[in-house]
Amino acid sequence: MSLLRSLRVFLVARTGSHPVGSLLRQSPQPRHTFHAGPRLSASASSKELLMKLRRNTGYSFVNCKKALETCGGDLKQAEIWLHKQAQKEGWSKAAKLQGRKTKEGLIGLLQEGNTTVLVEVNCETDFVSRNLKFQQLVQQVALGTMMHCQSLKDQLSTYSKGFLNSSELSGLPAGPDREGSLKDQLALAIGKLGENMTLKRAAWVKVPSGFYVGSYVHGAMQSPSLHNLVLGKYGALVICETSEQKTNLEDIGRRLGQHVVGMAPLSVGSLDDEPGGEAETKMLSQPYLLDPSITLGQYVQPQGVSVVDFVRFECGEGEEAAETE
């Protein structure tokens, strides 16, 4: 219960504010090393084109010169060539690193309109999870999941919830500004960062009018380039039904998400259930995280909302159990 105790102390001290962890440190950008073949002459491309290609892609001068020479000075084609070469190296590295444990990583939470997605991407070390390029991979996975969810043309009379496993997630398109699938983006990231990585899972929730999705990410930080994407080590979505619009729904939803992260319930339960202790697994019967003198059900009932479902992700969850087995 160490997570529960640390969460309770932290949240009671800061009730009403967003718990924001320290910003993740950006690691030095890795060098790309996929160049091959003879040295390039200075006349292979103009200095201006070379500088522009390097700014656009981040690859080394040697690789950029090789790309411009191969593509006859065509900047756009040179970018495509560099991307394909990097992807080839990524697939090669991915094959070599396959089987290495990926216990670290990040949870990503993205909300747009009536749709919310939660994704988990894993890597080998916490050091790599702090790297901007890894965070950008999590962003791509969250965006790909959001696009998939929004493409589902369902008429909602109640909420809908779905899950994607690693294989399903890998096959999703990378997005409108990226070629290939999320699996291709994964290979690129492995090639750049040199660690084994996995697209572990995703969950999505869509709600009609009368429902609300509360959310919380523990140790949260904002994505550097997508401000409505939140990254952290634990994440929760709580689906609530309400008969009226309330100004404090966001605060209630955040508190419910905090409870789910800290108390790790297995089911919602009922308001009629008997109060339980800290070993209780029914959410509404559990001691409320921020005030253990009452149950979560006793906190929720006066708020005018009904908890109907939830999703909880913990980064690296299941890896230790699988290793033990």
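**Exercise 1. Find which strand lies antiparallel to β1 through 4 bridges, and name facing residues.**

Step 1. Strand β7 (residues 229-232) runs antiparallel to β1, and 4 bridges join the two. Strands here are DSSP runs of E with at least two residues, helices are runs of H or I with at least four, and both are numbered from the N terminus. Two strands pair if DSSP finds at least two bridges between them.

Step 2. Now look across the pair: leucine 109 stands opposite valine 230 in β7, and isoleucine 107 stands opposite glycine 232.

A word on the model before you go on: it is predicted, so local features need pLDDT of at least 70 and side-chain atom pairs count only at pLDDT 80 or more, while totals for chains, interfaces and linings use all residues. Residues are numbered from 1 along each chain as its sequence is written, and side-chain values use heavy atoms, with hydrogens and water left out.

**Exercise 2. Work out how β1 is joined to β2.**

Step 1. Strand β1 (residues 104-112) and strand β2 (residues 115-123) run antiparallel and are joined by 9 bridges. One partnership to find is glycine 105 with asparagine 122 of β2.

Step 2. Follow the chain round the turn: the two strands form a hairpin with 2 residues between them, and glycine 113 in that turn has a positive phi of about 60 degrees.

**Exercise 3. Put the strands of the open sheet in order and find its edges.**

Step 1. The order of the 6 strands is β3-β4-β2-β1-β7-β6, with antiparallel pairing.

Step 2. β3 (160-164) and β6 (221-222) are at the edges; each has a single partner strand, so one side of each lacks a neighbour in the sheet.

Step 3. Check the β6 end: β6 pairs with β7 over 2 bridges in the antiparallel sense, and methionine 221 stands opposite leucine 231 in β7.

Step 4. Are the faces of β7 covered or uncovered? Both are covered, with Leu229 and Leu231 on one side and Val230 and Gly232 on the other, all buried (under 20% relative accessible area, with a 1.4 Å probe and protein chains only).

**Exercise 4. Describe how α6 packs against α8.**

Step 1. Helix α6 (residues 132-150) and helix α8 (residues 182-193) pack at about 175 degrees, with axes 10 Å apart. The axes are lines fitted to C-alpha atoms, for helices over the stretch in contact, and angles run from 0 to 180 degrees between N-to-C directions.

Step 2. The pair is therefore roughly antiparallel, a label for angles over 145 degrees.

Step 3. Contact (heavy atoms within 4.5 Å) involves residues including Phe134 and Leu137 of α6 and Leu186 and Ala189 of α8.

**Exercise 5. Locate the largest nonpolar core and its best-connected members.**

Step 1. A nonpolar core is a set of buried Ala, Val, Leu, Ile, Met, Phe, Trp, Tyr and Cys residues joined through side-chain atoms within 4.5 Å. The largest has 29 residues, of which Phe134, Val141, Leu169 and Met197 touch the most other members.

Step 2. β1, β2, α6, α8, β4 (197-206) and β7 each supply at least two residues, and α6 gives the most, with 7.

Step 3. Zoom in on phenylalanine 134: leaving aside neighbours within four places in sequence, its contacts include Leu106, Val121, Leu193 and Met197.

Step 4. Another core, of 21 residues, lies apart from this one and has Leu256, Tyr288, Tyr299 and Val300 among its members.

Definitions and conventions:
Angles under 35 degrees count as roughly parallel, over 145 as roughly antiparallel, 65 to 115 as roughly perpendicular and the rest as oblique. Buried means under 20% relative accessible area, exposed over 50%, partly exposed in between (1.4 Å probe, protein chains only).
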